[in-house]
Amino acid sequence: MPAHKQQLVFTIKDKCRVCYTCVRECPVKAIKIVNGQAEVIDKRCIGCGNCVKVCIQEAKVFLKATDQVFELLKSDKKTIAIIAPSFPAEFDEIKDYKTLVGMMRQLGFDYVSEVSFGADLVARKYAHILTHPKDEGFISSDCPAIVFYVEHYSPDLVPYLAPIASPMVAMTRVVKKKYGDDIKVVFIGPCIAKKAESNEVDEVLTFRELREMFIAANISYKDASPSDFDPPLAGKGAIFPISRGLLQTTDVPENIYEGNVIVADGRVDFREAIKEFENGLIRSNNLELLCCEGCIMGPGTSRNGKRFARRTMVSKYVKDKLKAINNTEWQKEIETYKDIDLTQGFMAADRRIPDPTWAEINEVLKTLGKFSEKDHLNCGACGYDSCDEHAIAIIKGLAEEEMCLPYAIEKLHKYIKDLAISNEKLASAQLALKQSEKLAHMGQLSAGIAHELNNPLGIITMYSNILKDECKPDDPIKQDLDLIVEQTDRCKKIVSGLLNFARKNQLNYSEIDIFKLFERSKQSVICPANVQINLISNLKNNMAMVDSDQLIQVVTNLFKNAIEAMPKGGNLDVNLSDKEDEIIISIVDSGTGIAAENMEKIFTPFFTTKGIGKGTGLGLPIIYGIIKMHKGRIDVTSNDNPDKGKTGTTFKITLPRYKTE
Ligand code: ADP
Ligand code: MG
């Protein structure tokens, strides 16, 4: 059975590299990109095979019938192969056609005939309608892909299809008459669409499949015994694949032919011709149309064929044939079959998808970043001739936005940028994590030490005080005891600072006015005259739940650090802002900045650059601990290199407005 209603062309997904060449070559846009793979939409496909021809990856394959034909040949049914007239173009290595016929017989065909005789008969029919013109012309119906195209995409033109069977069908009817109705007919040709053309043919093979069968059956032209075709033998019809169509093989006078026939082939021209015919521009002309570049280059022929070399092979074959032809014999055969029924009916089956409105098209164009005419590059990279057509195809569900190259490139750029940003974020988060892990370890250690030191320090203070009380007022030891008490107090402060850092202290939450807290802190720091503190509040809501004593400690410590970093004076800009549930504090100084190699260390307890006796290196660790206890975060950016711009440091603190568990 020919492959009626069976899918003719498939994609081998692993091989598809999504180059959109098949989309571009498909005259009916029956190729859809789904999940980055070009898939054939069976319902839209007309089997022209253009996609098979253009896919360099060989990702497009067509339905094969070799197994079925082998089965047929194995069975006891009589079989006849009818071979298309383009065969000399395909089998150029076989110098004598008789060798090919011999090979086909070796495969198991009982008879081997030429379709060209069918073409002879069909050409007479075309000659008849050409010489008996009506007001309106016809469209040739010998190319099945053209017939499918008209039936599905220009259904109103179905009545204009010449109601004449194709040479293949004509020949099938002839051989059935000659060899009996139950003979099995296998057509062999260059075309994929033929596989779905007619139920009258039993199987359809392409030349490529015939080659595969020869290989499978180990048949070579080198040891084949030559044999001639079985009758009826063909005449001039053999030239049909290289003429300007079937009509030229007729004996219609040149002037009638020239004036009436428009020949168009290939995916662009045939559609244009049909469109113009449809629009009534060339209604009185007859259209001789082919979907591909002619049968000798059909998708069922071997790849890489040279068009003009193939032409020469066919014309040489025909020349030799016409030289040797027995004209009376041929005329007799024509007479025998001239009354055979060569009519053919066609059926409209509209598969057009209604065109969207311009508003809809423009909407899609906008998503592709095409807002005005100059954005329409019409580069064709997507496989569609214009941006408009691509947009229409998107609306019809046949295409995807990603097929647009400029759009995809733009998207890619955005992805790269986003990726770079998230990479950067990741790197800084990683750094922060490392830092906080380190600080957590230190916190644990400090808390342990601090806890252990607290008791002995308490005892030292207590006993020193007892001793002091027992001393006489003028006892010289009293001064030493005072020093012990003072230094022990200092130790206790350090210990309590460490406990703060280790977040071992409790927070004492209350609702306070943040702006007021900053004003108070500002007043409480000792600020040299050459340092200007500018407090700016953009707070929409001043109130927040914090431990105000501890927060004051944070602010005064930060102020102190900033002032110490500006020995020659400068500005300290404090900015308060907020969101619904957080307070954002930024403290910017124009000081010396922090050296890059110190950035990682500044929150480490006892890290100071201020020299012995001046800095304790506990300010920032305590700040860090307090902010963490509030479930906030603290970030620092700094520049200490005047070559890179203004030096200075920014501390940014984000605090939750409410107490969070
Ligand atoms: P200390 O102030 O006792 O040195 P801190 O923990 O407060 O300890 O600060 C640690 C170190 O961080 C400082 O010694 C200094 O090097 C650096 N630092 C902190 N704040 C600033 C700032 N605003 N500008 C420059 N350096 C700073
Ligand atoms: Mg400090």
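**Chat: ligand 1 and the empty spaces**

Q: Which atom of ligand 1 sits 2.8 Å from the side chain of asparagine 561?
A: That's an oxygen atom of ligand 1, and its partner is an N or O atom in the side chain of asparagine 561. A pair like this is a polar contact, meaning N or O atoms within 3.5 Å; within protein, one must be able to donate a hydrogen and the other to accept it, and residues adjacent in sequence count only if both atoms are side-chain atoms.

Q: Anything I should know about the model and the numbering?
A: This is a predicted model, where local features need pLDDT of at least 70, side-chain atom pairs count only at pLDDT 80 or more, and totals for chains, interfaces and linings use all residues. Residues are numbered from 1 along each chain as its sequence is written, chains are lettered from A and ligands numbered from 1 in the order in which they are written, and side-chain values use heavy atoms, with hydrogens and water left out.

Q: OK, what does aspartate 589 do around ligand 1?
A: One of its polar side-chain atoms lies 2.8 Å from a nitrogen atom of ligand 1.

Q: And leucine 620, is that contact backbone or side chain?
A: Backbone: an N or O atom there lies 2.8 Å from an oxygen atom of ligand 1.

Q: How much of ligand 1 does the protein bury?
A: Ligand 1 exposes 530 Å² when taken alone, and the protein buries 93% of that (Shrake-Rupley areas with a 1.4 Å probe).

Q: How many residues surround it?
A: There are 19 around ligand 1, with a heavy atom within 4 Å. Asn561, Thr608, Thr609, Lys610 and Leu620 are the closest. By class, that shell has eight nonpolar, nine polar and two charged residues. Here Ala, Val, Leu, Ile, Met, Phe, Trp, Tyr, Cys and Pro are nonpolar, Asp, Glu, Lys and Arg are charged, and the others, Gly among them, are polar.

Q: Which element gives the most to that shell?
A: α20 does, with three residues. Helices (H or I, at least four residues) and strands (E, at least two) are DSSP runs, numbered from the N terminus.

Q: What is the space taken by ligand 1?
A: It's the largest pocket, and a molecule sits in one if more than half of its atoms lie within 2 Å of its grid points. On a 1 Å grid over the protein atoms alone, a pocket is an open set with protein on both sides within 12 Å along at least five of seven lines, while in a cavity a 1.4 Å probe fits but cannot get out; lining residues have an atom within 4 Å of a point.

Q: How much space lies in the largest pocket?
A: About 990 Å³, counted as the space filled by probe spheres set on grid points joined across faces, edges and corners. The pocket has 34 lining residues, and Asn561, Lys610, Thr616, Gly617 and Gly619 are the closest to its centre. α19 gives the most to this lining, with eight residues.

Q: Switching topic: how many cavities of 30 Å³ or more are there?
A: Four. The largest cavity has a volume of about 290 Å³, and its lining has 20 nonpolar, four polar and two charged residues.

Q: Last one: where is the cis peptide bond?
A: It joins proline 231 and proline 232, with omega about 0°. Proline 232 lies in the loop between α9 (207–216) and α10 (254–260).
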